[in-house]
There are 2 protein chains.
Amino acid sequence: MTKVLNSAEQFSDQAVDGLVSVYSRYLEKTYGGVISTRQTRPGKVAVVIGGGSGHYPAFAGWVGPGLADGAVVGNIFASPSTQQIYAVAKAAEDGAGVLFSYGNYAGDVLNFSLAEEQLREEGIAARSLPVTDDVSSASLADRTKRRGVAGDLVVFKIAGAAAESGLDLDGVSAVAERANAATFSFGVAFAGCTLPGADAPLFTVPEGQMGVGLGVHGEPGVDEVPLEPAADLARRLVDRLLQERPGGSSGRVAALLNGLGGTKYEELFVLWNDVRQLLAAAGLEVVQPEVGELITSLDMAGVSLTLTWLDDELAEFWAAAADTPAFRRGPGMEAKQVHRSMSEAEQQEVAEASDTSQALAAQLVDCLSDVASLLHDKERELGDLDAIAGDGDHGRGMTKGCDAALAAARSVVDAGAGLSSTLAAAGNAWSDKAGGTSGALWGNGLRQAATALADHSRPTAQQGLAAVQAGLELVSTFGKATRGDKTLLDALIPFTESLEESLNSGESWASAWSSA
Amino acid sequence: MTKVLNSAEQFSDQAVDGLVSVYSRYLEKTYGGVISTRQTRPGKVAVVIGGGSGHYPAFAGWVGPGLADGAVVGNIFASPSTQQIYAVAKAAEDGAGVLFSYGNYAGDVLNFSLAEEQLREEGIAARSLPVTDDVSSASLADRTKRRGVAGDLVVFKIAGAAAESGLDLDGVSAVAERANAATFSFGVAFAGCTLPGADAPLFTVPEGQMGVGLGVHGEPGVDEVPLEPAADLARRLVDRLLQERPGGSSGRVAALLNGLGGTKYEELFVLWNDVRQLLAAAGLEVVQPEVGELITSLDMAGVSLTLTWLDDELAEFWAAAADTPAFRRGPGMEAKQVHRSMSEAEQQEVAEASDTSQALAAQLVDCLSDVASLLHDKERELGDLDAIAGDGDHGRGMTKGCDAALAAARSVVDAGAGLSSTLAAAGNAWSDKAGGTSGALWGNGLRQAATALADHSRPTAQQGLAAVQAGLELVSTFGKATRGDKTLLDALIPFTESLEESLNSGESWASAWSSA
C-alpha cells in the first residue's frame, strides 16, 4: 500500500527530485527524465531506456557508465510522452545516434517510435528495441507480442556494454536484438500493488493462491494455482523457461531472480537456493546471477525468473563493468562530470518568423482557444462515451491536451513564433500533457502537420493540404487503424479527401475548409 | 506477507545459502553466519556484526572490505546463540581482536556478551558495542536502554572504516562508541510484517493511522496518529531528531532514510525530497546520504530517518570506501580471496583425555540422558507454567537444549573426550539449540563449569564445587537476577551453598551432592 506521498499528481516528479539529489554524482534531471553526469567517450552511441515509474530501480536507477545514458520517466505505470522521450534523447545523444530500449507495451511503443521519428527528421540516427521476454503473454510464435518484464535489465545491460565497447548504432542494435531474442522470463504474483492516492490495490490475487504469469500491472495471467513450497515454485519457473531453450544454445545463462516489491530479500534468497540447484542439475552454468528487487511494481508481491542464453559476445557484455545508482559491476567507473540537462523552456527555443507568419500564428491561437472552449463544454460527454469501452478519461485527456497546446502556442506567439513553430509547439504540448494514445496521436499529428508549413511565408493551399495529409499520415501509421475502425480517422479521412477534392477543383482554402 | 519458503525452520539457513551463492565473491558461509572471503591487512581488528535475520541487507549483506569481517545470522527476529557468535568471531578474527556491534536488544546483548567472555577466556581480545539510536524507545537520559534500529549501519560502517584505517581494538571501539553516541533515529510504521509460516501479521497498525516510534518487531511506540502528507511526515521526523542535536555539533550529518520493506523506493525518494529541504533549511550539510531499504523487517511498511552528527574523523570514516554485497562506496576494493570458514564439526575438535576422565565423561552422558527423559516427561508442564508469564515455549526450549547437549556429549565421548570437554560440548550445544535467554544461561553455565574441570584427572571435591560455583556465577552475572527473583537462581544458590557447607565440613562429594 503506497502511504508516503504529497499528491498523486506530483508523485513521480518528486520521486525523481529525491533520487537525483541522493545520486547527484551519477544523475541529473533533464526535461522528461534523467541523464548521466559522466562524460562519455566521443562517438559513443547513446542508450536511452524508460517507461512508466513505480518500477524502481527500473529505469532511472540504471543510468551511468556501462549501462544507460538516460532514462525517460513517465507517470506511475504510464508511458512517458513522445516529448519527454525526445527531450531525454536530445540531452543524452552525442553525435553517434540513440538506441531506445523499453518494455513492449502499446503506449511505450507508440511514444518511443514517434520520438524516434522526430529525431530522424532532425537527422539524428535512432533505433528502437522493445523488450519481449515475458513467456506468459504470448506464444513463442507470436514473440513480438510478448510483454517486457525483468528481462529488460539484461537487454539494457548488454546494449549499454556494447555501446561502451565502441560498436556503432547498427552494431549496438544488433547485439541488443540478439540479447532480447535470447531472453525469457516467467513469473508469479501473490498480491497486487496500490497506486499512490488509491485506497485499494490495482488488482488482487485470491488468498492462498498465486497468479501464474500475471502481468506486473495486473494484465491477465495464464493460471491461478495454490501457493506451493519454494522448491516447487523454483521447479515451476525453471521448467517453463527450459521449454524454450533455443536450439544450439551454449550451456551458459545470465539469470535474474526478481522480486516485485512485496516479496523480500530473504524469500528471494531461499528461492534462488532452489533455482540454482535446478539450473545446475540441467547442466547450465550461471554467469553473474542477480537476485533482488530489479524491476518492481510498487509494493506488488511476486517473483520472476529470467534466463538469457549467452553466446561468447553476450556473455562478455553481460559481465562487463557498469556503475549506476542501483546496478554496479566491477570496479567503480569514475569519469569527468558534465552537464547536459535541459529545462522544458530550453527545449522550446523560438525560431525567427516573418510578420505574415506571426499573424497566422496568432489566428491559430484563436482557433485553438475555440476548440478548447468546445472541449470543456463537451468534456463530460466524451468521458461518458469513453466509459462504455475504456476507462472514461478520454474527455479529461482531450481537454488537458488542448489546454496545454493553447498555453504553449500563446507562449511561443508572444515570443514571436511563426505558424509552423506555433503549430509544432502546440502539438508537442498536446502529446506531452494529454496522456494516453489519443493524446500522443493528436499531438504528434499536429507537430507533423507543422513540418509541411513554414515560419516565413503564408502557406499555399497545397501546402495547407500537405500539412493536413502529413498529420493524417502520422495518425494512421502510428495509430495502426484504418477507416471504418471507429477511430478519429473515420472523420479525418473524409475531411482530408473533401479538402483535397475542393482544392483541386479550384476552390479557395477557406471555402474548401468549411465545405469539408 | 511472507509467501516464498520451504519451511519456517529452514528459512534463515536456506536464505544464507542462497545469499552466499549469489555473492560468493564476497562471502562464505561459516558455522553461525557468514565471513568475508577477502584477505585483510595483517593486524586488522575484526568487526563482527549480527542479530536476527529478516532484516536484509542487515546484517549479512554488509560483509566485505571497509565494513564487517563477519555477520552472525540468527533465526528470524531472534538473537543468534552464543555459540554462533563465538564461531563467527573465531573464523573472522586474525590476531588483533574483535569488535562486536549489534542492535541493543536483550537477547543479542546476552549472547554477544557471553561470546565476548568466551573469547577473552581464550586470550582473544574482544569488545561489544550495542547500538542505541532509536529515540522512541527511551529518554536521552536512559540512552543505554534505547533500541538499535537503522543507525546500526552508520555505526558499523564507521567502525569498519576505523578498523580498515589501522586503529587497534581500543581505537576502533572508541570511534564506534563516539559514532553511536552521535546517532539518532526516529521512525513510523504503516503495517506489520508476517513471519515465515505465519498466516497473520506479527502486529498491525489501524487503517488510516501510523504508529509513531513503533519498534521494528512490533515493540510499543509512542503514539498513533492519522496518516499525513510526505511533507508533514518529513517535518515530524526531522523536528524530533533536531530536538536531540548535541551541543557543539558541527553542521555536518550522515543521513539515512530507511524503508522497512513494504514502503517502496519511489515513496522513499518523495520523502527524502522533503527531508533534504528541511535539513538544508536547518543549516545542515548532509554527507553522502543513503536512501533505500537498509534495515528491513520482512515486509513491514514504515520508514525511519537517522542522523549522525559528524566530527572530522567520523565524517572521514563514514565517507571511506567500502565494498560489500549491499553497501558500496568508492571504487571496488579487490583483494585476494581467502577461506577461513569452519563447519560445526570443525568447531568441536576433541582434546586428548585420560581414561579416568573419559569414564567420568561417560557417566555425565548417562546423567544428561536421565535429565533429558525427565524434561520430556515434564515438557508440557513447563510450557504451561511459562504460558502464564511468557510465550509458552520454555518447555520446548529446555527439551531441545538438553537433547542437543546429550547428542553433543555422546558424540565427543565416542571420540574419546574427557569430563571437561564433554561438559563444555554439552553446554555449547545447549545454548546453541535451546534458544531464548534460559537456553543461553543454562548452556553457558555448563560451559563455564567445565572450565573448572580437566580432561586428565578425577576432579577433587573442591574442583567440583568450583565448577558449580563458576556456572552459578555466570548465570547470575548474565541473567542479571539475584536470589528471590523467582528464577533458577532460587534453586541453584541454596544448592551451591549447601554443597559448599557440606564439603567444608568434610563430607564426601557424593553425600554432599545428594544432601544438597
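The following exercises, each with a worked solution, concern the chain pairing, the domain contact and the backbone geometry of a predicted model.

In this predicted model, local features need pLDDT of at least 70 and side-chain atom pairs count only at pLDDT 80 or more, whereas totals for chains, interfaces and linings use all residues. Residues are numbered from 1 along each chain as its sequence is written, chains are lettered from A and ligands numbered from 1 in the order in which they are written, and side-chain values use heavy atoms, with hydrogens and water left out.

**Exercise 1. Determine which rotation and shift superpose chain B on chain A.**

Step 1. Copies are superposed by least squares on the C-alpha atoms of residues with pLDDT of at least 70 in both.

Step 2. Chain B falls on chain A after a rotation of 180° with 0.0 Å of shift along the axis, at an RMSD of 0.1 Å. That is the relation of a two-fold axis.

Step 3. Of the interface residues of chain B, 100% are also interface residues in chain A, so the copies meet through the same surface.

**Exercise 2. Describe the interface of chain B and chain A, and state which element of chain B gives the most to it.**

Step 1. Contact (heavy atoms within 4.5 Å) involves 49 residues of chain B and 50 residues of chain A.

Step 2. The buried area, that is, the accessible area (1.4 Å probe) that two parts lose on being put together, summed over both, is about 4,400 Å², and carbon and sulfur atoms give 59% of it. On the side of chain B, the most area is lost by B:Lys3, B:Val4 and B:Glu266, together 17% of what that side buries.

Step 3. The interface holds 31 residue pairs in polar contact, both at pLDDT 80 or more. A polar contact is a pair of N or O atoms within 3.5 Å; within protein, one must be able to donate a hydrogen and the other to accept it, and residues adjacent in sequence count only if both atoms are side-chain atoms.

Step 4. Helices (H or I, at least four residues) and strands (E, at least two) are DSSP runs, numbered from the N terminus. With ten residues, H7(B) gives the most to the side of chain B that touches chain A.

**Exercise 3. Locate the two domains of chain A and identify the salt bridge between their side chains.**

Step 1. By an automatic or database domain assignment, chain A is divided into domain 1 (11-328) and domain 2 (352-371 + 403-515). Their C-alpha centres lie 37 Å apart. The contact takes twelve residues from domain 1 of chain A and 13 residues from domain 2 of chain A.

Step 2. About 1,000 Å² is buried between domain 1 of chain A and domain 2 of chain A. A:Gln83, A:Leu110 and A:Leu114 lose the most area on the side of domain 1, together 45% of what that side buries.

Step 3. A salt bridge requires a side-chain nitrogen of Lys or Arg within 4 Å of a carboxyl oxygen of Asp or Glu. One is found across this domain interface; the side chains of A:Arg447 and A:Glu121 meet in a salt bridge at 3.4 Å, N to O.

**Exercise 4. State where the cis peptide bond of B:Tyr56 and B:Pro57 lies.**

Step 1. Most residues other than glycine have a negative phi, and most peptide bonds are trans.

Step 2. The bond joining B:Tyr56 and B:Pro57 is cis, with omega about 10°. B:Pro57 lies in the loop between strand E3 (46-53) and strand E4 (70-76) of chain B.
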